[in-house]
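Work through the following exercises with the coordinates open beside you. Each one sets a task and then gives a solution in steps.

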Amino acid sequence: RQRKSLFNMFLTYDAKTIPDGPQEQALQQVKAFAVEKKNISEIRAMFQQQPIWLKAELAHKVNTPTKHLKYILPVVAYYFSSGPWRNQWIRFGYDPRKQPEAAELQTLDYRLRMGAGARQLVQSKRKTIMTKHKVVNSSKAKTSLIEVTDKVAKEGPSKDMLAEKEEKIKDVYRFRSGRLTTSRQIFYQLKNICLPEVNLLINKYKISQCDEKNGWFKSGLDEKLRNLLAETIKQTCYFDDGASMLSSTLGQPSLADEEDEHG
């Protein structure tokens, strides 16, 4: 599908320079869609606190409506479509290729493995089955969820369900032991992989020269991290006998899945 233009500034890793500010059309766009100045200021402040963001995490941590975020981002940041910070928004004027502290903000692209044991518990974004006459959506709620759904409709969500819903949103951008990923492909910043072994690996693989494929690390770190995540998920599946019923009931569309379309 052709990428819809929102006057984003997409860069590949080999770009010689990085932009210092937005295109004029992006500035006009926020006016045309009546985006409030306070929302623009909020997003700008977030990029001052941290220069690089995955859209999913940023959307969760701000009060700005998600529908306006896609218009604000091209005003405050550019987007790397390749390299160690791919699929992330980066503050104008900030070049992570020259900043060693940007290492912990690098992207890890994790795809759930067939052998991890969790594929039956994690739904794909679009899961369909071809029949002789039509395409059937097989991601619809199963009969076993009807009672839970009816109770929520009548009484509203409990405190536990609301708390789980909040944790489910965090699962879109943060990896934690004891929880499953929200989709079969997900992007993490390295700092959001909350496992004790990660800091040891980061310190072991850190180098002083930025590389196009591995960023501020020696080759092999990504594979080590993927193995670690796969083993952690495997252990989670063994010990969590009801990993998906409540999550499936409260599941929200993953903002991480929007990255390819809007960044």
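**Exercise 1.** Decide whether Asp-109 is buried or exposed, and characterise its salt-bridge partner in the same terms.

*Solution.* In this predicted model, Asp-109 has a relative accessibility of 10%. Because the cut-off for burial is under 20%, Asp-109 counts as buried. The next step is the partner: Asp-109 forms a salt bridge with Arg-111, and the closest N and O atoms of the pair are 3.1 Å apart, which falls within the 4 Å limit for such a contact. Arg-111 has a relative accessibility of 52%, and since exposure requires over 50%, Arg-111 counts as exposed. The bridge therefore joins a buried Asp-109 to an exposed Arg-111.

**Exercise 2.** Determine which residues form salt bridges with Glu-167, and place these pairs in their wider setting.

*Solution.* Begin with Lys-170, whose salt bridge with Glu-167 has its closest N and O atoms 3.5 Å apart. Both residues lie in helix 6, which spans residues 159–170, and because they are three residues apart there, about one helical turn separates them. Continue with Arg-176, which also forms a salt bridge with Glu-167, the closest N and O atoms in this case being 2.4 Å apart. As for accessibility, Glu-167 is partly exposed at 23%, whereas Arg-176, at 16%, counts as buried. Finally, widen the view: Glu-167, Lys-170 and Arg-176 belong to a network of salt bridges that also links Glu-164, Asp-171 and Arg-179. The structure as a whole holds 10 salt bridges.

**Exercise 3.** Establish how many disulfides a search of the whole structure finds, and compare the accessibility classes of Cys-194 and Cys-210.

*Solution.* The search, carried out over the whole structure, finds zero disulfides; the criterion asks for a pair of cysteine sulfur atoms within 2.5 Å. Turning to the individual cysteines, Cys-194 is partly exposed, with a relative accessibility of 39%, while Cys-210 has a relative accessible area of 15% and is buried.

**Exercise 4.** Describe the chain as a whole through its secondary structure, burial, contacts and surface.

*Solution.* Start from the secondary structure, which comes to 10 helices and 12 strands. Next consider burial: the chain has 263 residues, of which 46% count as buried. For the contacts with a separation of 6 or more, 64% are made by residues 24 or more positions apart. Last, the accessible surface of the chain comes to about 14900 Å², and carbon and sulfur atoms account for 50% of that area.

Conventions
Residues are numbered from 1 along each chain as its sequence is written. This is a predicted model: local features need pLDDT of at least 70, side-chain atom pairs count only at pLDDT 80 or more; totals for chains, interfaces and linings use all residues. Side-chain values use heavy atoms; hydrogens and water are left out. A salt bridge is a side-chain nitrogen of Lys or Arg within 4 Å of a carboxyl oxygen of Asp or Glu. Buried means under 20% relative accessible area, exposed over 50%, partly exposed in between (1.4 Å probe, protein chains only). Helices (H or I, at least four residues) and strands (E, at least two) are DSSP runs, numbered from the N terminus. Contact means heavy atoms within 4.5 Å. Accessible areas come from the Shrake-Rupley method with a 1.4 Å probe; for residues, only the protein chains shown count as cover.
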